[in-house]
Amino acid sequence: MHKVLFVTSEAYPLMKTGGLGDVCGSLPVALESLGCDVRLLMPGYRDTLARADGFEPVARLQPPLFPHHITLLEGKLPGKRVKVWLVDYPPAYDRPGNPYYDPYGNDWYDNAARFALLARTAVALALGRTSLSWQPDVVHCHDWQAGLVPAWLSLETRRPATVFTIHNLSYQGLFPRDTFTALGLPDTLWSSEALEFHGALSFIKGGVVFADRLTTVSPTYAREIQSPEFGCGLDGVLRRRSRSLTGILNGIDTVEWDPAHDAHLSKPYSAHRFRNKLANKLALQKEFELPPDPDMPVIGMVGRLVYQKGIDLLLGAIPKLAGMPLQMVILGSGETRYEKALEHAAAHAGNRLAVRIGYDEALAHRIVAGSDMILMPSRFEPCGLNQLYGLRYGTVPIVRRIGGLADTVVDATPANLRAGTATGFVFDPAEPAALAAAVTRALDGYRNGRQWKKLALNGMRQDFSWRKSADAYIKLYKTALHTR
Ligand code: ADP
Ligand code: GLC
């Protein structure tokens, strides 16, 4: 049985700003059910501590170069058996709101130190330098916040194997050179073959360069990031590591996201009781103050309002969409320019477009359930979870053929419809006109009620549980242990 330490900044429900939280809150549960002994290490953010019922201090650590000691709090992922350690260090983590940004939307000034602290703690645990009796065989690090862990561990002769998962290559954790020295990183790690990235310190390179095994969250994204177009300046390093890099598709938490038992819905439904989905649509129209109309197709969108998500493509397509028989509901938060532009568009779209700026887990469920279609026009998408939630809820995805979206949605071409494999609508160019054309195709499909239901039910039948991918991670842990 492998002992695996997950090092992550987010794990639902203790902390979530996006898919990283979903994955690190559900993959460990799947790994446990396959016999792994998985423990999580994550920062004790203020909001996390507020949700951490029953956590108790179990160890104290003095990280090098930090003025105070850390307290490790131990507990369980709420409602699950998976053990969690929270790094309690109030000067770094006891702050309101988002874990990465201050209330003005700027990066916290001391992010380098905050996540170096997470890494230092992980390294101490990994090397058995704490009073805890548990030591991992594999340390599985997620995204740039955990990037320094494989780098620091690479300096040790006796160490666990390391796996680094790239959930999003565009967030790299770049800091000025003097941070490198301040964090006590050794000079041997300052080179373009190590942590340096064009004169800056790159946290993500710690994972990309030094982990025994690299993964990302879909096979297509694993290929894409080795090209200049999607490599965010790291495609060269990734090509050099291509033999150690695999794409393992994300799964979803099929208990949390289950239309038949979803407590957030006004009326649960399933493939057998598909007609009950309609009650959720009417409730959604009411909630967003759109004219209630069972026959009007509703397109939903939930997500971070950032460049990645193709918000500009949607904004460019709105004049065309406004002339179509549809309603649209959007929930999201992120860059002010997108928030403002969407609110402006909603104010001028009559009764067609409703926008809610904010973060609301329950409303996200109601949108996925109450919409007929879910839109993800992403410019890039490492995996994407909302299209998977859409499929499970019989809410047909309209997506760009990119990253994990390309790997999970099968376009409703005549041939795929005939073969019964179609699950959604896929478009290629990152252009508003292509988005609008895909929506037009979806609306045409919607008007053919019988075929639409077949398409929706086909999505509901797909298996996006963690089973297969958790197996793939276990195989990968074995390889990492052999090749360490
Ligand atoms: P990413 O990780 O790039 O944000 P994913 O599609 O992988 O994209 O995952 C996003 C997750 O975050 C989904 O569970 C989605 O429902 C959730 N989410 C994003 N924005 C919001 C929001 N404003 N309110 C509620 N949930 C949100
Ligand atoms: C990232 C990606 C998203 C992916 C998620 C979980 O935030 O943007 O595509 O689904 O991580 O892996």
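Which polar side-chain atom lies 3.2 Å from an oxygen atom of ligand 1? That one gets answered in Exercise 1; bear in mind throughout that this is a predicted model.

**Exercise 1. Work out how ligand 1 is held.**

*Step 1: list the neighbours.* Ligand 1 has 21 residues around it, and G19, D22, R304, K309 and G358 come nearest.

*Step 2: look for polar contacts.* Start with R304: an N or O atom in its side chain is 2.6 Å from an oxygen atom of ligand 1. K309 puts a polar side-chain atom 2.7 Å from a ligand 1 oxygen. The opening question is settled by N386, whose polar side-chain atom sits 3.2 Å from an oxygen atom of ligand 1.

*Step 3: check the coverage.* On its own, ligand 1 has 560 Å² of accessible area, and the protein covers 94% of that.

*Step 4: trace the shell back to its elements.* Two or more residues each come from α1, β13 (298-305), β14 (327-334), α13 and α14 (386-392). β13 gives the largest share, three residues.

*Step 5: sort by class.* You get six nonpolar, eight polar and seven charged residues in the shell around ligand 1.

*Step 6: place it among the domains.* Ligand 1 lies between domain 1 (3-251 + 466-483) and domain 2 (274-460), because both give residues to its shell.

**Exercise 2. Do the same for ligand 2: which backbones and which side chain does it contact?**

*Step 1: neighbours.* Here 14 residues surround the ligand, with H167, N250, E381, C383 and G384 the closest.

*Step 2: contacts.* The side chain of N250 has an N or O atom 2.8 Å from an oxygen atom of ligand 2. For C383, a polar backbone atom is 2.9 Å from an oxygen atom of ligand 2. With G384 a polar backbone atom is again involved, 2.8 Å from a ligand 2 oxygen.

*Step 3: coverage.* Ligand 2 has 310 Å² of accessible area on its own, of which the protein covers 94%.

*Step 4: make-up of the shell.* Helix α1 (residues 19-33) supplies the largest share, three residues. By class, the shell around ligand 2 splits into six nonpolar, six polar and two charged residues.

*Step 5: domains.* Why does ligand 2 lie between domain 1 and domain 2? Because both domain 1 (3-251 + 466-483) and domain 2 (274-460) give residues to its shell.

**Exercise 3. Describe the second largest pocket.**

*Step 1: volume.* The second largest pocket holds about 400 Å³ of space.

*Step 2: lining.* It is lined by 18 residues, and F274, R275, L278, D372 and Y446 are the closest to its centre. Two or more lining residues each come from α10 (277-287), α13 (361-370) and α18 (449-461).

*Step 3: class.* The lining of this pocket has seven nonpolar, four polar and seven charged residues.

**Exercise 4. Find the cavities and say what lines them.**

*Step 1: search.* Rolling a probe the size of a water molecule over the atoms shows where empty space is left. Across the whole structure, two cavities of 30 Å³ or more turn up.

*Step 2: the largest cavity.* Its volume is about 60 Å³. The lining is I318, L321, A322, L326, M328, A349, R352 and L353, which divides into seven nonpolar, no polar and one charged residue.

*Step 3: the second largest cavity.* This one has about 40 Å³ of space. Its lining includes M15, Y45, R46, D47, W108 and R114. Sorted by class, the lining of the second largest cavity gives six nonpolar, two polar and four charged residues.

Notes:
Residues numbered from 1 in each chain as written. Chains lettered and ligands numbered in written order. Predicted model: local features only at pLDDT ≥ 70, side-chain atom pairs only at ≥ 80, totals over all residues. Heavy atoms only, no water. 1 Å grid on protein atoms, 1.4 Å probe; cavity = no way out; pocket = protein on both sides within 12 Å on 5 of 7 lines; lining within 4 Å. Points joined across faces, edges and corners; volume = space filled by probe spheres on them. Helix = DSSP H or I, 4+ residues; strand = E, 2+ residues; numbered from the N terminus. Nonpolar A, V, L, I, M, F, W, Y, C, P; charged D, E, K, R; others polar. Near = heavy atom within 4 Å. Polar contact = N/O pair within 3.5 Å; in protein donor to acceptor, adjacent residues only side chain to side chain. Areas by Shrake-Rupley, 256 points an atom, 1.4 Å probe, with all protein chains shown as cover. Domains from an automatic or database assignment.
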